[in-house]
Amino acid sequence: MRSLVPFVVMLVVAVAAFYLFPYNLAFLTRVVITMILVLSLDLILGVAGVSTLGQAAMYGSGAYAAGLFAIHVWHDPLAGLAVGAAAGAVVAFVSGLFLTRAHGLTLLMLTIAVTEVLQEIANKFSAITGGTDGLGGIRMGRVLGIWKFDFVGRTGYIYAVCVLFVVVVVLKIVIGSPFGLALRGIGDSPARMRAIGTPVTRRLIAAYTLSGAVAGLAGAMAAQSTALVSLGVYDFQLSAEAMIMLILGGTGRLWGALIGTAVFMTVHQVASSVDPFNWLFVIGLLVLAVVYAVPRGLLGLPDEVKRLLRRLK
Amino acid sequence: MTTLASILLDGVAYGMILFMISVGLTVTMGLMRVVNLAHGGFAMLGGAFTHWAMMSAGLPFPLAALAALIAVVILSVPMERVFYRPIYKMGELPQVLATIGITFLMIASVNYAMGSSLLSIPLPKVMSGAVDLGFRTLPTHRLYVLGAGVLVIVGLFVLIERTRFGIRLRAAVDHPGTAACLGIDTGRIFSLTFALGAGLAALGGILGAELLPIDAYYPLRYMILFLTVVAVGGMGSVAGSFVAALALGILDTAARYLFPEVGTIFFYLAMIVMLGLRPQGLLGRA
């Protein structure tokens with residue numbers, strides 16, 4: 001029963017946000033989509049311990065795939081999501097074949113390079129992708145043939161929240177499965193896992209592919225909700241910010257990804273609307289505060305406070 | 001033939017700039033095991049200070065550059081103490097995160113003080129002309145860059161291979177624990193090396209402003225470029241980053257001359273291949 005509590009909290013927060021900020025639904029939808037992206041990062045980085053700065057590679061590919069699919073094939077949203085997820089999975093699988101063998105700085109640089117190559121490809125094939133103008137003219141059909149995407153973004157928000165729920169449930173099940181436990185073991189010590197007979201590289205490729213599918217799903221949602229795909233979906237900054245949000249919230253437990261994203265994006269939004277020129281100060285200080293003060297993220301904050309109180313006694 | 005010579009000339013000049021900025025990064029990363037994403041920030045600070053000294057204080061270029069260099073070196077010492085020392089012992093991720101935070105603060109500071117527009121560094125007359133090489137003209141500025149690059153590599157070689165400080169530095173890179181046991185003050189070595197790296201980055205930033213123009217977002221824009229040099233060259237290897245910087249500089253220039261339509265794809269593919277073949281870098285140790 002206790003494991004259901006976070007889901008109830010999530011539902012309450014999602015519903016409350018819907019009624020409290022009816023004029024910010026576009027922003028809220030963006031937050032929910034980013035949560036899905038950060039969740040995908042939590043699987044590969046938080047659980048399996050693969051440090052990557054290239055999550056945008058799968059996110060962007062999912063966005064372009066879903067956008068092109070909607071324009072040329074079928075404008076059904078759910079089919080678009082499937083296509084986006086498939087594109088993310090393919091990109092992750094192919095790049096994962098060599099990425100999962102690298103470590104440290106080399107791994108970081110390779111993940112960045114893959115993203116940059118994809119961005120450059122999208123830029124060069126402007127006849128298909130729209131290049132720097134972006135891929136416009138995406139028109140979405142009704143969700144399940146019933147709910148129409150409205151101008152205020154009500155449908156978009158509810159749709160995104162539903163997808164987020166499904167993703168969280170699926171990832172919870174995956175993390176709790178033997179496969180998930182093997183990943184956690186690899187995150188702690190790949191050598192030990194190899195010694196007890198786990199095929200480490202194969203597990204990592206599988207995890208990276210799954211993570212890529214979820215990231216591609218997030219990209220597809222972004223393409224559908226904004227009806228535009230720009231080259232920015234492959235930006236390095238996106239991968240870096242996803243990592244910041246994840247560590248801010250706390251890695252490896254999924255809920256951290258949700259909390260970190262909500263906090264980071266809210267701070268970002270408020271700071272940049274209060275002072276559009278100097279908000280980067282706030283973000284920089286926030287990031288440093290996380291590293292120096294709460295290294296285990298906001299999820300670790302209660303433990304940290306408890307320890308402090310015990311010391312005071 | 002002349003195209004080839006042009007590619008070599010421009011590529012080597014570009015590579016020298018890359019080397020100057022990145023070499024500090026490779027040494028500090030090899031020494032302190034810190035994935036430092038903020039290194040380009042020191043290059044930007046060097047350029048920004050120079051711009052300010054020339055525009056507002058009216059100093060001539062050599063003086064302004066010198067003052068900026070000194071300012072960056074002085075600034076880097078307390079920064080290392082306050083921001084970097086706590087993260088040496090942390091994992092890779094907190095390091096990446098912390099140094100991204102530092103980068104953001106640097107960008108925000110320059111943005112706050114000087115705005116987000118281009119911070120130009122007008123060159124003095126002696127450096128701004130062009131030299132006729134027979135088959136083409138070369139901006140005189142590039143000759144200064146080449147000269148400075150050669151000076152830096154020779155100077156670093158002497159410093160690292162021939163001085164007492166160099167011996168201690170190499171010992172600390174090889175094994176900080178053992179070095180400390182032998183009575184080497186590794187904390188001081190860290191500080192000095194960090195300051196040296198920041199100073200070299202500033203020098204590269206100032207001299208390279210023609211090729212990599214300075215503005216507030218410089219550290220983010222070129223972050224990947226500098227890190228590539230380090231990764232390809234091998235962490236902690238000065239010679240490696242020299243070879244990598246020249247190779248990447250020539251490669252990138254060649255791609256621009258010969259296949260202008262492919263853009264930066266070539267650069268990143270080359271990096272993927274090089275890192276795929278030698279994951280620890282060209283001259284890095286496993």
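Here is a short walk through this predicted model, from the contact between its chains to one helix and then to one alanine.

Let's start where chains A and B meet. Chain A brings 32 residues to the contact and chain B brings 31. On the chain A side, the elements giving two or more residues are α5 (104-124), α11 (236-249) and α13 (279-293). Of these, α5(A) gives the most, with 12 residues. By type, the chain A side divides into 24 nonpolar, 5 polar and 3 charged residues.

Now take a closer look at α13(A). With 15 residues at 1.5 Å a residue, α13(A) should span 21 Å, and its end C-alpha atoms are indeed 21 Å apart. Its buried residues are Leu280(A), Ile283(A), Gly284(A), Val287(A), Leu288(A), Val290(A) and Val291(A). Viewed down the helix axis, these buried residues fall within an arc of 155 degrees, so they line one face of α13(A). The spacing follows a familiar rule: an α-helix has 3.6 residues a turn, so residues three or four places apart point the same way. On the other side of α13(A), you will find Ala289(A) and Ala293(A) exposed. The cover over the buried residues includes α11 and α12 (255-274) of chain A, along with α4 (92-114) of chain B.

Finally, move over to chain B and find Ala67(B), which sits in helix α3 (residues 61-84). Ala67(B) counts as partly exposed because 17 other C-beta atoms lie within 10 Å, between the limits of 12 or fewer for exposed and 20 or more for buried. Setting aside residues up to four places away in sequence, Ala67(B) touches Ala53(B) and Leu59(B). Gly46(B) is 21 residues from Ala67(B) in sequence, and their C-alpha atoms are 9.1 Å apart in space.

Methods:
Residues are numbered from 1 along each chain as its sequence is written. Chains are lettered from A and ligands numbered from 1 in the order in which they are written. This is a predicted model: local features need pLDDT of at least 70, side-chain atom pairs count only at pLDDT 80 or more; totals for chains, interfaces and linings use all residues. Two residues are in contact if their C-beta atoms, placed from the backbone, lie within 7 Å. Helices (H or I, at least four residues) and strands (E, at least two) are DSSP runs, numbered from the N terminus. Ala, Val, Leu, Ile, Met, Phe, Trp, Tyr, Cys and Pro count as nonpolar, Asp, Glu, Lys and Arg as charged, and the others, Gly among them, as polar. The expected span of a helix is 1.5 Å times one less than its number of residues. The arc is that of the directions from the helix axis to the C-beta atoms.
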